[in-house]
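Biologist: Could you walk me through this model? I'd like to start with what you mean by a buried residue, and then look at some examples.

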Amino acid sequence: MLALEVEYLMGRVLATDRGDRARVEWPPHPGRLFSALVAALHEGDLDEAGRAEGRAALEWLETLAPPSLHVDPPGADGVGRAALPCWVPINDPDHRKPEGGFIAEGLRVPRKRAERYFPALTPNDARVWFIWPTAEADDARRAALAGLAERVGYLGHSASPVRVCVRDADIPEPNLVPDEAGAQGLRVPGPGRLARLEETHAASVRLGRRLEPPTGRVARYGLASEVPAEAPAEGLYRIVTILRPVSGPGLPTEAALKLVLAVRGTVLATAADPRRPFISGHEADGTPTHAPHLALAALPDCDHRHADGHLMGLAVLTPRTASADDIDALEEALAALPERVIRLGALGEWRLDFADAAQQTRLPAALRAGTWTRPACEWVSATPVVFGHRPRPGNPAKDATAVLARTCADVGLPAPEVVAVGPFAQCRGIPPASAFRGEHKLFRDASGPRFVAHVGLRFAVPVRGPVVLGAGRFFGMGLFRPLNSRRGATGGEP
């Protein structure tokens, strides 16, 4: 076991962002701790041997699974319990030369100050433990990490000094643990993060201005008391980030494919290597790749009393088997999206931004990853499934149950025990399947039009999302949502 304890010496945490919408980052992100350790590696007083040992320890740390946390309170994310007043210099009212010529060198000219309030959180316990339960750190790694930890001065805001140390005893039980269906998103390090931070710093020095590194990986976290003892079945894909519109017209659910295609085109345009099969979905010779790759899914407002089906945002899905290089390439392409205009033809234009993982509990339900990943036995389609093979009623090898069993197997899911296929959605607010059909080649194959229908699934065991099925799963078709109504997906009680 490896555990790092962080103690906030002032007993409070200040917001890292000083803007009007500043929020306190609580609990602190594991990625923030890793960045602080990297800063200690390069800014501390380590000799050459100590720096080499510290770097090797960080390269090992970034390969570990996301840590568990013990933090009190575990769910006070984005809450400012107090506002700390500070007097700060204001910008110069004008930059004209003073009357009477220049000011003599060394003469102190007082600047006006204004009172500002910075959101602050005073936690119940000012200590946080980051715990890797299965990590086996040898003495050399543990000593190197301890040396870096004692050189860390703060996490996030320099006015919130901390003490960090490696703990070998008196480690509390985690109360916030990695959970794919968790409501809270925390940034975590991953393979290659150390090199990425160093590259960004070197570029900042070279250009003479501050550059922010990509956000990095985000892991879902949930309360340890709410995580099921037995892990549910899960498929091939996971949600790595969610994008929300910051400007643009409202779009109906039927525009899901058009939105996904426009965003996909923008990602390809911003990618350093758009021909990478993981991003493009095609091999170098232009043929479709058979390897799992990037998928996008438009997220409709659905399955509640007032749902009208309009598109709330877009989820970026990647295979769980994706390599670190592929994820890094995707992060670079996505980082440029907020600066781009998503052109939707006659439907107008959208601008997108990231739905901050630290604010998941404050976002609409459709923009929360947990809405689409919550373990459940019953799932209903929010966008219709485009069948690669048309079901043949009366043929046990080709009926809907058999076809969907093979479709589920394609993405690593167990075969459903009951299926329901029809033209109408069982998810409130979603229009019939016929409303989604169009001229795009996705809806046709060599034999003619493809079969498109809404689907309900019942599994024998709980399944964790996201669930995306069918020939259009890479383009936002076949997105499912856990059933949230009294009526079961197959017509019976859930």
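Modeller: A residue counts as buried when its relative accessible area is under 20%, as exposed when that area is over 50%, and as partly exposed in between. Please keep in mind that this is a predicted model.

Biologist: With that cut-off, is F443 buried or exposed, and why?

Modeller: F443 counts as buried because its relative accessibility is 1%, and buried means under 20%. F443 sits in the loop between β19 (418–422) and β20 (444–445).

Biologist: What does F443 touch, leaving out residues up to four places away in sequence?

Modeller: F443 touches L257, V386, F436, R437, G438, G448, P449, R450 and V452. A471 is 28 residues from F443 along the chain, and the C-alpha atoms of the two are separated by 9.0 Å.

Biologist: Switching to pockets, how much space lies in the second largest one?

Modeller: The second largest pocket holds about 920 Å³ of space. It is lined by 36 residues, and the closest to its centre are G470, A471, R473, F474 and F475. The elements that contribute two or more residues to this lining are α5 (256–270), α6 (277–280), β13 (295–300), β18 (385–386) and α9 (400–410).

Biologist: Which element gives the largest share of that lining, and what is its make-up by class?

Modeller: The largest share comes from α9, which supplies five residues. By class, the lining of the second largest pocket has 19 nonpolar, eleven polar and six charged residues.

Biologist: Now cysteines: how many disulfides are there in the whole structure?

Modeller: A search of the whole structure finds zero disulfides. C302 is in no disulfide, and the nearest cysteine sulfur, that of C427, is 3.4 Å away, whereas a disulfide needs the two sulfur atoms within 2.5 Å.

Biologist: And are C302 and C377 buried or partly exposed?

Modeller: C302 counts as buried, with 1% relative accessibility, while C377, at 29%, counts as partly exposed.

Biologist: What about the backbone, where are the cis peptide bonds you have looked at?

Modeller: The peptide bond from D72 to P73 is cis, with omega near 0°, and P73 lies in the loop between β3 (68–70) and β4 (82–89). The peptide bond from G465 to P466 is also cis, with omega near 5°, and P466 is in the loop between β22 (452–464) and β23 (480–482).

Biologist: What are the phi values of D170 and D303?

Modeller: Phi of D170 is near 55°, a positive value in a residue other than glycine, and D303 likewise has a positive phi, of about 65°. Most residues other than glycine have a negative phi. D170 is in the loop between β7 and β8 (176–178) and is exposed, with a relative accessible area of 74%. D303, by contrast, is in the loop between β13 and β14 (311–319) and is buried, with a relative accessible area of 2%.

Biologist: One helix before we stop: which residues of α3 are buried, and what do they pack against?

Modeller: In α3 (residues 139–149) the buried residues are R142, A144, L145, G147, L148 and A149, and they pack against β1 (2–8), α1 (30–43), α2 (48–61) and β7 (162–167).

Biologist: And across the protein chain, what percentage of residues count as buried?

Modeller: Of its 494 residues, 46% count as buried, and the chain has nine helices and 23 strands.

Terms used. Residues numbered from 1 in each chain as written. Predicted model: local features only at pLDDT ≥ 70, side-chain atom pairs only at ≥ 80, totals over all residues. Heavy atoms only, no water. 1 Å grid on protein atoms, 1.4 Å probe; cavity = no way out; pocket = protein on both sides within 12 Å on 5 of 7 lines; lining within 4 Å. Points joined across faces, edges and corners; volume = space filled by probe spheres on them. Helix = DSSP H or I, 4+ residues; strand = E, 2+ residues; numbered from the N terminus. Nonpolar A, V, L, I, M, F, W, Y, C, P; charged D, E, K, R; others polar. Buried < 20%, exposed > 50% of the residue type's maximum accessible area, 1.4 Å probe, protein only. Contact = heavy atoms within 4.5 Å.
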